[in-house]
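I keep these notes as a record of what I looked up in one structure. The entries are short and follow the order in which I worked.

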Amino acid sequence: MKIALSKLPYDRDALEPYVSAETLSFHYDKHHRGYVDKLNALIEGTSFEGLSLEEIIVKARETAELDILNNASQAWNHAFLWESMSPNGGYKPSGQIMEMIENDFGDLNGFKERFQKAALNHFGSGWAWLVQDGPNLRILTTGNADSPVGTDMTPLLTLDVWEHAYYLDYKNERNRYIEAFLNRLINWRFAEANVVDQTTMKAA
Ligand code: MN3
């Protein structure tokens with residue numbers, strides 16, 4: 001069984017004008033599909049075949065199979081990225097996720113400032129993340145294909161800061177791309193759905 005390309009949860013032009021249809025078409029149909037196709041070619045006939053994407057990432061990290069790790073991780077990260085954005089995003093969150101934001105960042109602007117700074121200052125290609133670490137929220141960045149999948153931290157949201165994610169629309173102005181994500185696209189319902197209940201964690 002092959003790893004499937006995850007479905008794009010909206011139309012190619014749904015995030016305009018913040019992410020153009022041209023960018024999203026290249027990003028999903030060329031980049032994301034390319035990682036999935038490459039991964040399937042790499043794992044065919046190996047002990048990785050038949051594993052889930054998460055299992056492939058964990059096993060490839062343990063066995064230092066870097067080609068498999070990079071392509072599996074990029075396949076996972078992009079599927080997570082599409083869900084992290086929404087045509088109706090950028091609203092003020094409420095409920096549990098807002099309580100966690102206030103607890104760890106003071107308020108929503110405190111979160112935005114720290115996420116913006118982390119994503120902007122990340123050197124080179126990579127990803128900016130909002131993760132859950134125990135009861136707390138944390139912002140971190142990872143280089144190239146790396147991700148928190150398979151670690152103690154739970155990814156809640158991500159933003160792709162590879163140039164292919166924004167260069168057609170924003171050229172070198174990564175700051176404007178990050179601002180559009182934070183103010184117009186961020187999907188807080190997805191983040192909240194990813195929060196792990198601490199009482200469940202302790203019982204497990
Ligand atoms: Mn990308």
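The entries below go from the metal site to the cavity, the rings and two single residues.

**Entry 1: the model**

I note at the outset that this is a predicted model. Every value below is therefore computed from a prediction.

**Entry 2: the metal site**

I first asked which residues coordinate the manganese ion. I found H27, H78 and H164, each through NE2, together with D160 through OD. The coordination distances run from 1.9 to 2.1 Å. I then looked up how the donors are spaced in sequence, and the pattern is H-x50-H-x81-D-x3-H. Two of these donors, H27 and H78, link distant parts of the chain, being 51 residues apart. H27 belongs to helix α1, which covers residues 21-43, and H78 to helix α3, which covers residues 66-84.

I next asked whether H27 is buried or exposed. Its relative accessible area is 4%, and because buried means under 20%, H27 counts as buried. H78 has a relative accessibility of 0%, so H78 is buried too.

**Entry 3: the cavity**

I looked up how many cavities of 30 Å³ or more a search of the whole structure finds. The search gives one. The volume of the largest cavity is about 40 Å³. I listed its lining as V19, T23, L24, H27, L81, W82, M85, A165 and Y177. The elements that each give two or more residues to this lining are α1 and α3. Helix α1 supplies the largest share, with three residues. I also noted that H27 appears in this lining as well as among the donors of the manganese ion.

What classes of residue make up the lining of the largest cavity? I recorded seven nonpolar residues, two polar ones and no charged ones.

**Entry 4: aromatic rings**

A search of the whole structure returned 12 aromatic pairs. One of them is formed by F111 and W188, an edge-to-face pair with 5.2 Å from centre to centre and 70° between the planes. This pair also links distant parts of the chain, since F111 lies in helix α5 (residues 108-121) and W188 in helix α8 (residues 188-194), 77 residues apart. I checked the accessibility of F111 and W188, and both are buried. I further noted a cluster in which ring pairs link W76, F80, W127, W129 and F190.

**Entry 5: charges over rings**

I looked for charged side chains placed over aromatic rings. The charged end of K59 sits over the ring of F48, at 5.1 Å from the ring centre. R189 lies over the face of Y91, and here the distance to the ring centre is 4.5 Å.

**Entry 6: two single residues**

I closed with Y28 and F123. Y28 is found in helix α1. With a relative accessible area of 7%, under the limit of 20%, Y28 is therefore classed as buried. I looked up the separation of Y28 and K7, which are 21 residues apart along the chain, and their C-alpha atoms are 9.4 Å apart.

Where does F123 lie? F123 is in the loop between α5 and β1 (126-133). Its relative accessibility is 81%, and exposed means over 50%, so F123 counts as exposed. I also looked up F123 and A60, which are 63 residues apart along the chain, and their C-alpha atoms are separated by 25 Å.

Notes:
Residues are numbered from 1 along each chain as its sequence is written. This is a predicted model: local features need pLDDT of at least 70, side-chain atom pairs count only at pLDDT 80 or more; totals for chains, interfaces and linings use all residues. Side-chain values use heavy atoms; hydrogens and water are left out. Donors are N, O and S atoms within 2.8 Å of the metal (3.2 Å for Na, K and Ca); water is not among the atoms, so sites may look incomplete. Helices (H or I, at least four residues) and strands (E, at least two) are DSSP runs, numbered from the N terminus. Buried means under 20% relative accessible area, exposed over 50%, partly exposed in between (1.4 Å probe, protein chains only). On a 1 Å grid over the protein atoms alone, a cavity is a set of points where a 1.4 Å probe fits but cannot get out, and a pocket is an open set with protein on both sides within 12 Å along at least five of seven lines; lining residues have an atom within 4 Å of a point. Grid points are joined across faces, edges and corners, and a volume is the space filled by probe spheres set on the points. Ala, Val, Leu, Ile, Met, Phe, Trp, Tyr, Cys and Pro count as nonpolar, Asp, Glu, Lys and Arg as charged, and the others, Gly among them, as polar. Rings of Phe, Tyr and Trp (its six-membered ring) pair if their centres lie within 6.5 Å; planes under 30 degrees apart count as stacked, over 60 as edge-to-face and the rest as tilted. A charge sits over a ring if NZ of Lys or CZ of Arg is within 6 Å of the ring centre and within 35 degrees of the ring normal.
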